[in-house]
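The following exercises concern strand pairing, helix packing, burial and salt bridges. Each task is followed by a solution in steps.

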Amino acid sequence: MVRTRFAPSPTGYMHIGNLRSALYAYLFARHEGGSFILRIEDTDQERFVEGATEIIYNTLREVGMHWDEGPDIGGEYGPYVQTERRDIYLPYAKQLVESGHAYYCFCTKEELDQRREAAAQAGGTFKYDKHCLHLSKEEIQARLDAGVPYVIRQNVPTTGQTSFTDEIFGTITVENDTLDDNVLIKADGLPTYNFANVVDDHLMAITHVMRGMEYLSSTPKYNLLYEAFGWEIPKYIHMPPIMKDAHKKLSKREGDASYEDFRKKGYLMEAIVNYIALLGWNPGTNQEKFSMQELIEAFSVNGMSKSPAIFDNAKLTWLNGEYIRELSPEDFRKNALPWYEQVGVASWEHLDVLDRMMQPRVEYFAQIPEKVEFLTRRLPYGTDLFTNKKSKCNPEVCAQILTEVIPLLSALPEWTEEAIHDCLMGYAAATERKTGTVFWPVRIAMSGLTVTPGGPIEIGLLLGREETLERLKAGLALLCSCGE
């Protein structure tokens with residue numbers, strides 16, 4: 001049975017590349033009827049961020065990627081947190097020492113830094129020189145007995161080649177003399193990622209390792225470890241990177257947006273997942289919108305690309321807007337309400353009208369405050385806004401329209417959307433003016449904007465009779481004062 005895993009490090013928010021890795025591993029496992037395992041790789045304690053593990057749990061749950069085994073639900077291959085497995089790795093490393101596939105290294109950081117600097121000055125790349133491999137058993141034991149700090153390094157062959165086959169990139173062969181003797185066990189007794197992931201993947205019966213392309217060059221060293229133990233090698237599926245442009249990778253270290261960042265801006269979870277799924281995978285059809293179930297049914301490794309994917313904020317924003325427009329009125333209100341609260345309109349009457357204005361016009365919910373702030377405060381504007389050639393408006397025409405419209409609106413027996421509509425449309429018909437010509441000065445005086453998410457009828461209803469008339473009179477006063 002197919003068994004995939006997502007093995008993040010708890011170092012902060014879930015960045016986009018991490019989420020895609022989880023998504024592809026999840027989709028592949030579900031498509032194949034297999035299991036999806038969550039494992040927390042927290043051996044890098046220097047980069048550990050308090051609360052990051054909970055962010056991982058919450059993010060995966062929110063997007064609907066439910067794991068079959070993991071730290072919180074257990075499973076027959078646990079524990080699923082690497083620091084809770086710390087006693088597992090050293091015996092395996094010592095087994096490699098006994099077989100000659102690894103060795104104790106007592107070189108100090110200062111000594112390694114000196115050699116690294118010497119290599120740089122010589123114009124070369126530093127690679128560990130197997131200095132401690134040549135220590136006798138007696139020398140090694142004496143240092144161990146004396147408590148001299150050590151690491152355990154992989155003993156990579158200096159001759160021959162190592163090959164492996166990736167499901168996307170095909171067969172890759174490297175010369176062994178280009179590979180470094182990786183540290184397997186650190187001085188603190190914890191395993192490095194390079195060692196722990198091999199041991200854990202084997203012990204957890206992982207059949208398909210799906211990870212970023214940055215690990216492609218390390219895979220030969222992993223295979224040498226599998227071979228040294230006599231273990232079955234899993235199938236590899238390396239994913240191309242997600243780029244912010246043609247030259248730079250998307251990186252949370254450089255401040256690129258995480259999943260959490262997009263959610264905080266009011267992007268919908270479904271749109272984010274849909275867009276991320278298409279970053280490096282093609283369904284082979286023109287379909288652009290997928291539910292999670294549709295992704296599971298359509299996903300295939302054959303559709304994955306070798307080429308880097310460019311993260312296009314504009315495309316995600318467009319797709320999110322499409323999702324927003326398909327929301328039910330109830331779901332739109334639920335998502336919009338926190339943003340209405342930010343500008344103080346959440347308790348207003350006629351929020352259904354505001355919803356109707358906003359739903360076709362926002363692409364993510366954080367756009368709402370800027371689009372509706374004119375409702376809660378009067379924006380400064382000049383008479384130049386009243387000039388519009390298309391509507392055949394200028395300050396003189398607008399002053400006349402406002403002079404005639406204000407009394408009509410003031411006299412309305414009730415302030416409803418229908419009453420405001422009939423008043424303005426009736427005035428346009430009676431004066432033989434186009435609707436756009438009448439609406440233009442009313443819109444400007446009400447909002448101080450040439451473009452608004454709704455027309456003067458909706459805006460007037462939301463503002464209420466008193467505020468609407470005060471704004472129209474202020475606009476008329478501005479026009480009159482400038483005309484004197």
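**Exercise 1. A strand pair**

How many bridges join strand 5 (residues 161-166) to strand 6 (residues 170-175), and in which direction do these strands run?

Solution. The model under study is a predicted one. Step one is the count: strand 5 and strand 6 are joined by six bridges. Step two is the direction, which is antiparallel. Step three is the connection: a hairpin of three residues leads from strand 5 to strand 6. Within this pair, F164 is placed opposite I172 of strand 6.

**Exercise 2. An open sheet**

State the strand order of the open sheet of three strands, and identify its edges.

Solution. The order is 3-4-7, and the pairing is antiparallel. The edge strands are strand 3 (102-105) and strand 7 (183-185), each of which pairs on one side only. From one strand to the next, the twist averages 40 degrees. Between strand 4 (residues 151-154) and strand 7 there are two bridges, and these strands run antiparallel. Here I152 faces I185 of strand 7.

**Exercise 3. Two helix crossings**

Classify the crossing of helix 3 (residues 86-99) with helix 6 (residues 193-203), then that of helix 12 (residues 329-342) with helix 13 (residues 351-358).

Solution. Two packed helices are described by the angle between their axes and the distance between the axes. For helix 3 and helix 6, the axes come within 11 Å and cross at roughly 100 degrees. Angles of 65 to 115 degrees count as roughly perpendicular, and helix 3 is therefore roughly perpendicular to helix 6. The contact brings I88, Y89, Y92, A93 and L96 of helix 3 against F195, A196, V199, D200 and L203 of helix 6. By class, these residues are nine nonpolar, no polar and one charged.

For helix 12 and helix 13, the axes likewise come within 11 Å, crossing at roughly 100 degrees. These two helices are therefore roughly perpendicular to each other. On the helix 12 side the contact uses F332, R333, L337 and Y340, and on the helix 13 side L351, D352, L354, D355 and M358. Six of the residues in this contact are nonpolar, none is polar and three are charged.

**Exercise 4. Enclosed helices**

Why is helix 9 (residues 269-277) described as largely enclosed? Examine helix 18 (residues 456-463) in the same manner.

Solution. A residue is buried when its relative accessible area is under 20%. In helix 9, eight of the nine residues are buried, so this helix is largely enclosed by the rest of the structure. Its buried residues pack against several elements, including helix 1 (16-31), helix 2 (52-63) and strand 11 (309-310). In helix 18, seven of the eight residues are buried, so the rest of the structure largely encloses this helix too. The buried residues of helix 18 are P456, I457, I459, G460, L461, L462 and L463. Just after helix 18, G464 adopts a positive phi of about 90 degrees.

**Exercise 5. Salt bridges of helix 19**

Which residue forms a salt bridge with E470, and which parts of the chain does this pair tie together?

Solution. The partner of E470 is R378, with the closest N and O atoms 2.7 Å apart. E470 lies in helix 19 and R378 in the loop between helix 14 and helix 15, so the pair ties together parts that are 92 residues apart in sequence. R378 also forms a salt bridge with E467, at 2.9 Å between the closest N and O atoms. E467 in turn meets R471 in a salt bridge of 2.7 Å, N to O. R471 and E467 both belong to helix 19 and are four residues apart, about one turn of the helix. As for exposure, R378 is partly exposed at 40% relative accessible area, whereas R471 is buried at 4%.

Definitions and conventions:
Residues are numbered from 1 along each chain as its sequence is written. This is a predicted model: local features need pLDDT of at least 70, side-chain atom pairs count only at pLDDT 80 or more; totals for chains, interfaces and linings use all residues. Side-chain values use heavy atoms; hydrogens and water are left out. Axes are lines fitted to C-alpha atoms, for helices over the stretch in contact, and angles run from 0 to 180 degrees between N-to-C directions. Angles under 35 degrees count as roughly parallel, over 145 as roughly antiparallel, 65 to 115 as roughly perpendicular and the rest as oblique. Contact means heavy atoms within 4.5 Å. Ala, Val, Leu, Ile, Met, Phe, Trp, Tyr, Cys and Pro count as nonpolar, Asp, Glu, Lys and Arg as charged, and the others, Gly among them, as polar. Two strands pair if DSSP finds at least two bridges between them. Buried means under 20% relative accessible area, exposed over 50%, partly exposed in between (1.4 Å probe, protein chains only). A salt bridge is a side-chain nitrogen of Lys or Arg within 4 Å of a carboxyl oxygen of Asp or Glu.
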